[in-house]
Amino acid sequence: MDSRLVIESVFRENRELAYQLRDYIVRMLEKLQERWGSPPRLKVMDFCGTHEWTITHYGIRSLLPKNLELVAGPGCPVCVTPSHEIEAAIRLALDGITVYTYGDSYRLRTVKPVRGAFSLAEARALGGSVKVVTSIYDAIFDAERHGKPSVFLGIGFETVAPGYAHVLLGHLMPKNLHLLSLVRLTPPAMFYSLGMLREKPPEPPVMGVIAPGHVSTITGAKAWVPVAETFGIPVVVAGFEPIDVMMAIALILRQLLQGRAEVEIEYKRAVTFDGDLRAQAAISRAFQVVDAAWRGIGFLPRSGYEIREEYSEHDARKAYGIPSMKVEDWRKDIPPGCKCAEVVLGKAKPTDCPLFLKRCSPSTPYGPCMVSIEGTCAIWARFGEGGLTEEMAKELGLLRPEGR
Ligand code: SF4
């Protein structure tokens with residue numbers, strides 16, 4: 001896609017800044033070439049599914065020189081939720097327990113069927129009780145109303161944890177509703193994916209990270225300091241507007257040129273270094289940090305939240321005897337032929353998968369990265385190289401005359 005088209009149609013009131021940032025990025029790469037003595041080729045990891053959405057939807061890659069690649073990371077909670085946990089939820093639904101889920105987890109496929117159902121959507125079609133909600137509070141109101149045994153499927157990263165903690169600490173759930181905590185913590189996954197890439201360095205190497213802005217509103221930018229220190233690369237916490245992403249890339253290149261490897265906050269309108277201390281305290285009171293399974297990745301130390309004993313009366317795992325996944329089972333967690341394990345670790349692109357837009361598409365997802373709006377395969381399938389086609393942009397009069 002033509003870079004002028006992207007800037008004129010996407011950035012609107014920020015278009016002058018976008019042109020300046022694009023030129024700045026080119027200049028930084030030229031200066032790095034002078035410094036390093038050879039043309040720089042590098043990757044920047046955009047860890048979070050929402051950043052990947054912004055980048056792909058708005059065609060940001062087409063604004064960048066070819067020697068600077070953006071590679072997606074494991075920042076999609078639905079993609080990394082083990083099949084085992086969804087199978088347990090399907091079992092509950094088919095046993096007559098109402099299962100509340102977010103919309104994107106509703107169609108998440110398991111590796112093996114449970115009584116004929118590969119997803120909660122299929123369980124519902126078979127008569128199971130599954131309800132799509134937008135928050136745990138919807139589940140509370142509904143479960144209070146009907147009074148039947150119910151479970152809320154608590155999928156998400158650190159961003160959702162304060163809400164769950166608030167509900168647990170305040171004993172806001174009715175006795176018939178339980179929470180199945182599937183909350184995962186992002187810094188361990190970033191550590192793991194960068195560690196894997198360091199063991200077998202890709203060509204070109206990952207030399208910077210765009211860190212998730214929404215997670216960092218809770219954790220603070222301090223959560224990423226060990227990443228910058230351990231791997232010696234810049235980490236920039238960024239917002240989710242196209243201009244935020246461009247700014248983050250510019251800041252990463254500036255750090256590389258200055259020989260720095262630090263955490264910087266681009267998303268200053270929402271993120272501080274320390275984060276939300278009240279939310280952090282509430283989370284620590286309600287949850288303990290445990291080793292947890294990530295689909296396609298394996299068990300990561302201290303990467304999940306489990307409900308503390310004091311609040312176990314609300315814990316679905318205890319109420320219904322739902323076992324955690326066995327360590328030896330994680331390699332069987334991805335359906336045959338699906339490359340999600342490589343996609344979430346930034347080792348492969350969706351287009352490297354032979355099933356992409358063939359057996360696996362947004363309307364009939366086969367692998368876990370094709371389900372959620374934050375899944376890399378789903379994003380690439382929907383938007384390709386950019387959401388707005390040249391033809392449509394011209395028709396809408398979004399293109400300025402040539403000349404700059
Ligand atoms: S296209 Fe589908 S099958 Fe292939 S890696 Fe993505 S989610 Fe998995």
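A crossing of two helices is left-handed if the near helix is turned anticlockwise from the far one by less than a right angle, and right-handed if clockwise. Keep that in mind for the helix pairs below. This is a predicted model, where local features need pLDDT of at least 70, side-chain atom pairs count only at pLDDT 80 or more, and totals for chains, interfaces and linings use all residues. Residues are numbered from 1 along each chain as its sequence is written.

## Some ground rules

Helices (H or I, at least four residues) and strands (E, at least two) are DSSP runs, numbered from the N terminus. Two strands pair if DSSP finds at least two bridges between them. Axes are lines fitted to C-alpha atoms, for helices over the stretch in contact, and angles run from 0 to 180 degrees between N-to-C directions.

## The five-stranded sheet

Let's start with the sheet that has five strands: it is open, with parallel pairing, and its order is β2-β1-β7-β8-β9. At the edges sit β2 (68-75) and β9 (263-265), each pairing on one side only. On average, neighbours in this sheet are turned by 25° against each other, direction ignored. Inside it, β1 (residues 42-48) and β7 (residues 206-212) run parallel and are joined by three bridges. Look for Met-45, which stands opposite Val-209 in β7.

Which helix packs on this sheet? Helix α12 does, touching β1, β7, β8 (235-238) and β9, and its direction makes about 165° with that of β8. Touching here is about contact: two residues are in contact if their C-beta atoms, placed from the backbone, lie within 7 Å.

## The four-stranded sheet

The other open sheet to look at has four strands in the order β4-β3-β5-β6, again with parallel pairing. Its edge strands, each paired on one side only, are β4 (130-132) and β6 (177-183). Neighbouring strands here are turned by 20° on average, with direction ignored. Strand β3 (residues 98-101) runs parallel to β4, and three bridges join them. Val-99 is a handy landmark, since you'll find Val-130 of β4 opposite Val-99. Helix α7 (residues 136-146) lies across β3, β4, β5 (150-156) and β6, and runs at about 180° to β5.

## A hairpin

Strands β10 (residues 287-294) and β11 (residues 298-307) run antiparallel, with seven bridges joining them. Ala-293 stands opposite Phe-299 in β11. Three residues lie between the strands of this hairpin, and Gly-296 takes a positive phi near 80°.

## Helices that pack on each other

Here are three helix pairs side by side.

| Helix pair | Angle | Axes apart | Crossing |
|---|---|---|---|
| α2 (residues 15-36) and α12 (residues 242-258) | about 20° | 9 Å | left-handed |
| α8 (residues 161-169) and α13 (residues 277-286) | about 55° | 8 Å | left-handed |
| α3 (residues 49-57) and α16 (residues 376-383) | about 15° | 10 Å | right-handed |

Angles under 35 degrees count as roughly parallel, over 145 as roughly antiparallel, 65 to 115 as roughly perpendicular and the rest as oblique. So α2 and α12 are roughly parallel to each other. With its angle of about 55°, α8 is therefore oblique to α13. With about 15° between them, α3 is therefore roughly parallel to α16.

What sort of residues make these contacts? For the classes, Ala, Val, Leu, Ile, Met, Phe, Trp, Tyr, Cys and Pro count as nonpolar, Asp, Glu, Lys and Arg as charged, and the others, Gly among them, as polar. Where α2 meets α12, the residues include Leu-17, Tyr-24 and Met-28 in α2, and Ile-243, Met-246 and Leu-253 in α12. That contact has 16 nonpolar, no polar and three charged residues.

On the α8 side of its contact with α13 you'll find, among others, Ala-161, Pro-162 and Tyr-164, while Ala-279 and Ile-283 are among those from α13. The classes there come to 10 nonpolar, one polar and one charged. In the last pair, Glu-52, Trp-53, Thr-56 and His-57 of α3 meet Thr-376, Ile-379, Trp-380 and Phe-383 of α16. This one has four nonpolar, three polar and one charged residues.

## Around the ligand

Which residues come nearest to the ligand? Of the 14 around the ligand, they are Cys-338, Cys-353, Cys-360, Gly-367 and Cys-377. A residue is near a molecule if its C-beta atom, placed from the backbone, lies within 6 Å of it. By class, this shell has 12 nonpolar, one polar and one charged residues.
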